[in-house]
Amino acid sequence: MGKNRMLIALLLFLLMSQKVEAAEERRLVVGYDPDFPPVHFTADGNPQGFAVDLMNEIASRMGEDIVYVPLPQSEGVRQLKNNELDILLSAYFNEDHAGMMEFSDSILTTSIGLIVHRENENIEGLAELTDAVTALQKDTLEYDFLRNIRSIKYHIASNQVTALELLLKGRANAFVGNMLTAEYELAARGLEDDYKIVGNYLLPVDYTMAVQQEDYQLLSRLNEAIREMKADGTYSFIYEAWFESENELEDRLWLALQIIGSLLLVATVLFLLGMRWNKQLQREVAKKTNVLQRMNVQLEQQMAEIKNSDEFQKQILNSSPRGIATINAAGFVTSFNEKARAISGERQAVTDRHYHDIPLLKLLLEGRFAEVLRPDNLILGEEAVWQKNETDTYYLRYYIYPLKNFEKQVIGLIVTFEDITEEHKLRLQLFEREKNEELSRIVAGIAHEIRNPLTSIKTFVELIPLKYNNARFQNEISTYVPQEIERMNQLIQGLIDYTKPARLNKERIDAGAVVEECLILFERTALHKGITMQCTTEENLWIEADANQLKQVLINLIINSLDALSSGEEQVKPLLQLAAFEQGPNVCIQVTDTGEGMDDYERGQALKLFYTTKAKGTGLGLAIASQYIKENNGELAINSEKGAGTTITLTFIKAMEKEAAR
């Protein structure tokens, strides 16, 4: 082998000396795996191996200077894709690589095999690898092949040599990889008699030289040089120097001399048979050629379909009226469609940035990213306010789903969001309209409530001239007239609060006091309808909420309860109860009636927009009430059974204890 290498060096020197150097030469950057002997490896700091010698000869014929870069195969693929390399040695074809690089003619054909220790009698092929630990290199043909076989335990290494060492050190039961590398390393360590090959041709593998995608000029020059070397015998000379020993060459030559005489004796017979076989072979070759041509056409069609599918998916995403973004498990954005870009206001590229750097995604995912990464967790139909800039405010409805791969493993998130600003405005307009309609229903009752204290005051005023000096009269007028005036004031103030425009203004309020204020508005109305109205409240039920919104919600719930108690079959004792109480860290407000109640379907639909069981209802009251409670960080729960009445509970977090005056 040493003599042959000297001959190779001499031949390369002679060939290089005959080349006319160009005035200016470009240095080609060539990547190679330093742990892939004897194809290419690093020794004494310099690249060596079959593919290196081949590349040196090609560069000489092309009149190019080259610089070698040692790096793992996967890193080489990445750098070639990013235009950091000109050529990657010993690349192999697969679907993933086909879209990012171009491949030269074959420079080396070998096979993937299976090697075990000679004393291992349990493994005779792939079928016995089920319960064994198999060592192999990641991101290779054999890795892709074995990954589809279930129940095989893997021990993954970054290169072929390391994978083989796992077998030699007893950390694996078998090695699956390149036979040239395995035989070379075993021979170098003197271990070829300790290990055996039980599967020599598991997979064929064809190594090429890969160039950057669409660099057809460099690819053409490489192919031309490779073909010249194969034609003039240089390729065979280099190949035999690395893969066949001097003794093997001598043995083969001696064997050829021994059989040449026999060949001459049977030459005539073989010639006749050869003619016949040649015709048959030509027919078979023609068949195989047709098959390969059809497969090539199908492959081109599949590649075109894949490209069309990718473009089709991009068009669908960009034409969607919703903003759509995908984020991987590490939190980095992998896609962001045009609608998402328009809503978010992002002008720079968004992909490959962390979602924390995108204000809109940070708003939607803050505190929820890890939650949705867990299996079967979803966030559906929630709303958020997005302040895009000083002048543009968006109301968004968003959904967050887990993103899964083909193995149904969660690998990230899908976030979709839509602009519901117009819907939000319409919702507020409809609520104001419904509020005005409901207001007209209670105006008559409130007017009657106001007449009662006015009648009392008028009576006292008319009696003043007659009983001015009567001590009992003076006591009654000083007691009852202020009470009636205060009652009128509370009725009018409650009406004013209800008609105020909706604007979120959170403050520290006493929930019990708000309930009692709402009670005053409906006491007389309930009494005239024959409905008993009760109210129980505790003291110091402080919460952080918008008092006007809370009153509007309670008024809506009370009106619904009064309607439920007034409709349907007559009840013996129709009852409406209001309650405010403390429950653990929460403050609860309950509205309970003994009306007809709701069945499961009605209860499930009650909070949805435009759903109503009233003949003239709009279906907005409970839906907007629920929205107001959410905006005040509360929860609304409905407990109802058909024929057994309804209880609606509003739950808020109790505010911190401190002195406050209403």
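Me: What makes Lys 230 count as lying over the face of Tyr 235?

Reply: In this predicted model, Lys 230 sits 5.3 Å from the ring centre of Tyr 235. The cut-off for a charge over a ring is 6 Å, together with an angle within 35 degrees of the ring normal. Lys 230 is listed as lying over the face of Tyr 235, so it passes under that rule.

Me: And why is the pair of Phe 50 and Tyr 235 called edge-to-face?

Reply: Two values settle that one. The ring centres are 5.8 Å apart, and rings pair if their centres lie within 6.5 Å. The planes stand at 85°, and an angle over 60 degrees counts as edge-to-face. So edge-to-face is the right label for Phe 50 and Tyr 235.

Me: Where do those two rings sit along the chain?

Reply: Phe 50 belongs to helix α2 (residues 50-62) and Tyr 235 to helix α9 (residues 234-243), with their positions 185 residues apart, so the pair links distant parts of the chain. Both residues are buried, and they form one aromatic cluster with Tyr 239 and Phe 243.

Me: How many aromatic pairs turn up by this rule?

Reply: The count is 12. One of them is Tyr 32 with Tyr 68, which is edge-to-face at 5.9 Å centre to centre and 90° between the planes. Tyr 32 is in strand β1 (residues 27-32) and Tyr 68 in strand β5 (residues 65-70), 36 residues apart.

Me: How do you know whether Tyr 68 is buried or exposed?

Reply: Check its relative accessibility, which is 18%. Buried means under 20%, so Tyr 68 counts as buried. Tyr 32, at 2%, is buried too.

Me: What about cysteines: how do you know that Cys 518 is in no disulfide?

Reply: The structure holds 0 disulfides. For Cys 518, the nearest cysteine sulfur is that of Cys 535, 9.6 Å away. A disulfide needs the sulfur atoms within 2.5 Å, so Cys 518 doesn't make one. Cys 518 is also buried, at 3% relative accessibility.

Me: Okay, salt bridges next. What makes Asp 105 and Arg 227 one?

Reply: Their side chains meet at 2.6 Å, N to O, and the limit is 4 Å. So the pair qualifies as a salt bridge. Asp 105 lies in the loop between β7 (101-103) and β8 (108-117), while Arg 227 is in helix α8 (residues 216-232), so the bridge ties together parts that are 122 residues apart in sequence.

Me: Why is Asp 105 called partly exposed?

Reply: Its relative accessible area is 22%. Buried means under 20% and exposed means over 50%, so 22% falls in between.

Me: Why do Glu 422 and Lys 425 still count as a salt bridge?

Reply: Their closest N and O atoms are 3.9 Å apart, and the rule asks for within 4 Å, so they count. Both lie in helix α15 (residues 421-467), 3 residues apart, about one turn of the helix. Glu 422 is exposed at 58%, whereas Lys 425 is partly exposed at 43%.

Me: How many salt bridges are there in the whole structure?

Reply: A search finds 18. Another of them joins Lys 654 and Glu 582 at 2.9 Å, N to O. Lys 654 is buried at 17%, and Glu 582 is partly exposed at 37%. Elsewhere, Arg 322, Glu 383, Arg 397, Glu 418 and Glu 423 are joined into one network by salt bridges that share partners.

Conventions: Residues numbered from 1 in each chain as written. Predicted model: local features only at pLDDT ≥ 70, side-chain atom pairs only at ≥ 80, totals over all residues. Heavy atoms only, no water. Phe/Tyr/Trp six-rings, centres within 6.5 Å; stacked < 30°, edge-to-face > 60°. Helix = DSSP H or I, 4+ residues; strand = E, 2+ residues; numbered from the N terminus. Buried < 20%, exposed > 50% of the residue type's maximum accessible area, 1.4 Å probe, protein only.
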